[in-house]
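Please open the model in your viewer and keep the sequence panel beside it, ready to select residues by chain and number. The tour goes from one selection to the next and says at each stop what can be found there.

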Amino acid sequence: MLVWRKLLAAAMLSNLADPLIMLFGLGYGLGALLPSIEGMSYIAFFAAGQLCTATMFTASFESMFSGFARMHGQKTWDAILYAPLTIDDIVGGEIAWAASKAWLTGSTILGVAVLFGIAQSPWVLLALPAAFLVGLAFSAVGLIMCVLAKGWDFFSFYMTLVMTPMMMISGVFFPAEQLPAPLVAVAKALPLYHGVQIVRPLVAGGPPPDLLLHLAVLLAYAAAGYMLAIHFARKRFSS
Amino acid sequence: MSALSVRGLRKSYGATEVVSGLDLAVEPGECFGLLGPNGAGKTTTLRLCLGLIEPDAGAIELLGEPVPRRARQARARVGVVPQFDNLDPDFTVEENLLVFGRYFGFSKAEIQPRIASLLEFAGLTGREDSKIMALSGGMKRRLTLARALVNDPQLIFMDEPTTGLDPQARHLIWERLRRLTQEGKTLVLTTHFMEEAERLCHRLAIMDRGRVITQGTPRALIAEHIEPQVLEVHGPGYEAWMERAKGLAPRVERVGDTVYAYGEDVEPLLKTISGELGYLHRPASLEDVFLKLTGRDLRD
């Protein structure tokens with residue numbers, strides 16, 4: 001499953017350039033107008049959010065659009081099933097691949113943040129495994145969408161109705177706690193919020209509070225997503 | 001021991017039973033044809049034999065392995081040529097073979113030396129670096145066949161291997177398939193082309209509505225089910241001719257504006273053809289058997 005190196009160059013550009021442009025555009029532009037936020041500069045605050053969001057987008061795009069292209073358009077999954085592999089192997093491989101690609105996005109953004117002095121403490125290195133976990137959670141959920149999809153349009157619903165609002169309420173651009181309590185509660189039930197809660201203190205240079213809770217939520221999304229994706233994939237491929 | 005044995009196989013989708021009590025035995029080294037109209041259950045049968053779907057009832061043994069329980073182990077020694085090519089368009093010809101071999105757990109170093117002979121077999125020598133998009137339909141088909149051989153399988157399933165190919169490409173595929181049987185490989189193929197089945201298959205089974213309705217060698221099936229000579233007559237006055245023919249041939253059928261007369265000897269009938277009637281006199285073929293047994297109604 002891990003032989004898709006060919007398309008890497010083009011994909012990396014779009015996966016990385018967009019979030020970085022946004023990071024510096026919003027970070028420095030908006031940051032100049034804003035005082036420090038939660039004790040850090042706005043760009044550092046936003047960098048943590050942007051790292052998680054970009055990781056989420058890469059993971060979701062790869063598992064939904066690229067996954068669907070391989071499964072539905074190119075019938076690559078059918079071909080793989082002629083080998084001594086099962087649908088479970090394919091689902092696992094797709095999730096691992098999308099998470100790895102997402103991790104590359106997250107770690108590059110982190111590298112840039114370090115390079116520009118936005119993050120300086122060695123604590124920030126722990127954001128690397130955190131980014132992988134965020135990628136894993138969103139890849140697993142994205143793959144559920146992939147194996148449930150009847151057509152390409154299906155993904156618009158998930159993106160517009162789930163991902164975009166999640167990005168707004170999960171503390172990416174501003175502290176989530178500023179929102180009305182019900183929205184905070186929703187954010188806390190979703191994985192992006194917990195990713196940001198882990199990465200932000202690390203960027204600031206300290207251990208994240210409630211680390212185990214945040215890790216547990218992300219792991220739960222990854223595990224549940226993996227199992228549901230397998231369930232629906234088996235169903236799809238047994239008919 | 002059979003290369004593939006199927007007993008009492010059943011599979012339903014919702015209220016429709018697609019495979020209903022199928023029995024088959026394919027011997028090692030033979031080319032076995034599975035014939036049947038659209039919707040007869042051929043593709044479902046192949047998928048069941050590969051362990052890709054679970055049967056509702058029945059037993060399958062593929063190369064000595066019980067399927068679906070040990071389908072993985074069986075698939076390691078089996079090749080598949082699907083009905084629709086699913087080569088990976090992101091890769092070149094050579095990469096498609098390499099990547100596919102990796103799915104079988106072979107290392108790059110193990111596959112690399114085999115690629116030249118696989119490409120030779122597929123008639124694609126020199127096209128290693130071609131993109132899949134740049135290949136013709138026949139080339140893609142041959143590459144799919146070469147891909148199915150990457151694990152040096154003992155048995156190869158082929159779902160309509162020549163559908164959509166021009167005669168040149170089809171003849172080349174036939175030649176390659178004969179080469180495979182000469183090498184001792186077992187072939188199981190589904191096809192709509194009776195000519196293909198007659199030429200390639202040592203034995204074949206005709207399927208309809210999920211079960212085998214007859215099986216045997218192509219010659220035996222023709223001898224068993226149909227009169228050896230056929231006269232097809234069409235053109236103005238064919239209806240009147242049909243009435244005369246009924247007295248002279250044991251079996252006369254009309255399909256649309258063509259009359260089919262079957263018999264041991266159709267010479268007396270030939271003498272009755274006159275005027276503007278067009279005709280074709282030919283030996284009976286597998287297609288006649290197929291149409292007799294499965295009917296002439298369109299299947300969708």
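The stops below begin with a whole chain, go on to its sheets and a helix, and end with single residues and the other chain.

**Stop 1: the whole of chain B**

Before selecting anything, keep in mind that this is a predicted model. Select chain B and turn it until its long direction lies across the screen; along the principal axes, its C-alpha atoms fill a box of roughly 70 × 45 × 35 Å. With the cartoon display on, you can follow a secondary structure that comes to 11 helices and 14 strands. Of the 300 residues in this chain, 39% are buried. If you count contacts between residues at least 6 apart in sequence, 69% of them join residues at least 24 apart.

Now colour residues 4-223 of chain B in one colour and residues 227-283 in another, since the domain assignment gives these ranges as domain 1 and domain 2. The C-alpha centres of these two domains of chain B lie 39 Å apart.

**Stop 2: an open antiparallel sheet**

Select strands β1, β2, β4 and β5 of chain B, which form an open sheet in the order β2-β1-β4-β5 with antiparallel pairing. At the edges are β2 (16-26) and β5 (65-67) of chain B, each of which pairs on one side only. Looking across the strands, you can follow a twist that averages 25 degrees from one strand to the next.

Within this sheet, zoom in on β1 of chain B, residues 4-13, which is joined to β2(B) by 8 bridges, the two strands running antiparallel. One pair to pick out is Y13(B) with its bridge partner in β2(B), T16(B).

From the edge strand β5, step on to P68(B), which lies in the loop between β5 and α2 (71-75) of chain B. Show the backbone atoms here, for the peptide bond that joins V67(B) and P68(B) is cis, with omega about 10 degrees.

**Stop 3: an enclosed strand**

Next select residues 31-35 of chain B, which make up strand β3; because 5 of its 5 residues are buried, this strand is largely enclosed by the rest of the structure. Show the side chains and look at each face in turn: C31(B), G33(B) and L35(B) are buried on one side, and F32(B) and L34(B) are buried on the other. In a regular strand, side chains alternate between the two faces of the sheet.

Which strands pair with β3(B) in the parallel sense? One is β8 of chain B, residues 186-191, with 5 bridges to β3(B), and here G33(B) has L189(B) as its bridge partner. Another is β9 of chain B, residues 203-208, which is joined to β3(B) by 4 bridges and also runs parallel to it; in this pairing, L34(B) has A205(B) as its bridge partner.

**Stop 4: a helix with many buried residues**

Select residues 137-148 of chain B, which form helix α5; at 1.5 Å a residue its 12 residues should span 16 Å, and the 17 Å between its end C-alpha atoms agrees with this. Is this helix enclosed or open? Helix α5(B) is largely enclosed by the rest of the structure, because 9 of its 12 residues are buried. Among those buried residues are K140(B), R141(B), R142(B) and L143(B). To see what surrounds them, add β6 (78-81), α3 (93-103), α4 (108-121), β7 and α6 of chain B, against which the buried residues of α5(B) pack.

**Stop 5: two glutamates with positive phi**

Stay with chain B and go to E160(B), in the loop between β7 (155-159) and α6 (167-182). Its phi is near 50 degrees, a positive value in a residue other than glycine. E160(B) is partly exposed, as 18 other C-beta atoms lie within 10 Å.

Then move to chain A and select E38(A), in the loop between α1 (8-33) and α2 (42-73) of that chain. E38(A), although not a glycine, has a positive phi of about 50 degrees, and it is partly exposed, with 14 other C-beta atoms within 10 Å.

**Stop 6: a helix residue in chain A, and the contact**

In helix α9 of chain A, residues 211-237, pick A216(A), which counts as exposed because it has 12 C-beta neighbours inside 10 Å. Select H194(A) as well: 22 residues separate it from A216(A) along the chain, and their C-alpha atoms are 9.3 Å apart.

Finally, display both chains and look at the contact between them, which takes 17 residues from chain A and 19 residues from chain B. The side of chain A that touches chain B has 9 nonpolar, 5 polar and 3 charged residues.

Note on methods
Residues are numbered from 1 along each chain as its sequence is written. Chains are lettered from A and ligands numbered from 1 in the order in which they are written. This is a predicted model: local features need pLDDT of at least 70, side-chain atom pairs count only at pLDDT 80 or more; totals for chains, interfaces and linings use all residues. Two strands pair if DSSP finds at least two bridges between them. Axes are lines fitted to C-alpha atoms, for helices over the stretch in contact, and angles run from 0 to 180 degrees between N-to-C directions. A residue is buried if 20 or more other C-beta atoms lie within 10 Å of its own, exposed if 12 or fewer, and partly exposed in between; C-beta atoms are placed from the backbone. Two residues are in contact if their C-beta atoms, placed from the backbone, lie within 7 Å. Ala, Val, Leu, Ile, Met, Phe, Trp, Tyr, Cys and Pro count as nonpolar, Asp, Glu, Lys and Arg as charged, and the others, Gly among them, as polar. Domain bounds come from an automatic or database domain assignment. The expected span of a helix is 1.5 Å times one less than its number of residues.
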